[in-house]
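Q: Hi! I am just starting to read protein structures, and I would like a close look at one part of this one. Could you walk me through the space enclosed inside it?

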Amino acid sequence: MSDGHQHSGHERVPSRQRRRFPEISSRAYEHPADRSALVALRKLTGFDTVFKALSGLLPERSLRLLFLSDSVRVSDQQFAHLNDMLRDACYILDLEKVPPMYVTQDPQPNAMCIGLDEPIIVVTTGLVELLDEEEMRAVVGHEVGHALSGHSVYRTILLFLTSLAVRVAWIPLGNLAIMAIVTALREWFRKSELSADRAGLLVGQDLEASMRGLMKIAGGNHLHEMNVDAFLAQAEEYEAGGDLRDSVLKIMNVLPRSHPFTAVRAAELKKWAGSRDFQRIMDGHYPRRGEDGDTSVRDSFRQSAASYASDVKNSKDPLMKLVSDITGGAGDLGDRVRRGFGGFTASTPKDRPAGSSDDTPPRDGG
């Protein structure tokens, strides 16, 4: 591969000079919730049994043959602009072996990094047609981030357990155990998406493009009808809005999903882009892979716990505020929960307008 090909993606945008991060460890961009969810997943009863069984029986070679036979492999001859982006992303994140990448016919915008022995990146035609070059660069960086973090193995197991659930009766576990593992895998994968979004920003180094891409995935290719600030305001409203009933509904809504809500991802990424951690990475101060062996699980878990505590403390979600107040010793638990589920967390009963009733149904009939 010549240097001309290596940098041809930059020739389209000659004013862009992207920083490179030699020997960067995935710890530099991994969301603390991603790491702690993975630790919790590995400790789940039965996970080792399923992991070993699937790792030994899933047909890695047939997976590759499937994409070779029924998708288009990205190369210098096919989807050359994607090939340039892929090699550039691997160069920036210093991933020595460039994973094979395939474009598959599917109108649904999606991308994934799968594979047990080695990662494979798959993007759909719907995604390729939806995003512009800089937005797509962030997505390719996102998937390379998954590869660098070693996420593809767990993603593949999640994919097989969900799409082939009816065929896993040979696994020596009951259905409830399988569902517990699927639920835990989904929880981890939602967190891993936040990590990969950060990797995408490190590769594209264009926050606006990352925001636009997430917004398009949520609302389609009508950018003239959308606004990034308004989109982020949705995330703010989602987090802060409602009462404790809404907090429970948020949890129930997200459980079956493999990805976190797009507006929430955008808000999380923007917050990280403005952080000191991000600036330090851009300045060249980040953990190296050579130091990974010296990092203890205890330290990683401590960082995750501190991140969760900070999230709870700063969250505007009614349930999280309640948790924060209780742990801080504020107020009577029973009274606060009763008022929360009554739909008036912001005021006490005596503050409510005359004639109002706890039994008044919500306006939307929900």
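A: Here is a walk from the whole chain to its largest cavity and the residues around that space. Keep in mind as you look that this is a predicted model.

Let's begin with the setting. The chain is built with 18 helices and 4 strands. Of its 366 residues, 44% are buried. If you take the contacts between residues at least 6 apart in sequence, 75% of them join residues at least 24 apart. On the outside, the accessible surface of the chain is about 19,200 Å², and carbon and sulfur atoms account for 53% of that area.

Now for the inside. With a cut-off of 30 Å³ or more, the structure holds 1 cavity. The largest cavity contains about 40 Å³ of space.

Who lines this space? You can find the lining residues in your view by name: His31, Leu194, Asp197, Arg198, Arg265, Glu268, Leu269 and Trp272. Two helices each give at least two residues to this lining, namely helix 10, which spans 175–204, and helix 14, which spans 262–273. Helix 14 provides the largest share, with 4 residues.

It is also worth looking at the chemistry of the lining. Sorted by class, 4 of the lining residues are charged, 3 are nonpolar and 1 is polar. Try colouring the residues by class, and then trace helix 10 and helix 14, which each bring at least two of them to the cavity.

How values were computed
Residues are numbered from 1 along each chain as its sequence is written. This is a predicted model: local features need pLDDT of at least 70, side-chain atom pairs count only at pLDDT 80 or more; totals for chains, interfaces and linings use all residues. Side-chain values use heavy atoms; hydrogens and water are left out. Buried means under 20% relative accessible area, exposed over 50%, partly exposed in between (1.4 Å probe, protein chains only). Contact means heavy atoms within 4.5 Å. Accessible areas come from the Shrake-Rupley method with a 1.4 Å probe; for residues, only the protein chains shown count as cover. On a 1 Å grid over the protein atoms alone, a cavity is a set of points where a 1.4 Å probe fits but cannot get out, and a pocket is an open set with protein on both sides within 12 Å along at least five of seven lines; lining residues have an atom within 4 Å of a point. Grid points are joined across faces, edges and corners, and a volume is the space filled by probe spheres set on the points. Ala, Val, Leu, Ile, Met, Phe, Trp, Tyr, Cys and Pro count as nonpolar, Asp, Glu, Lys and Arg as charged, and the others, Gly among them, as polar.
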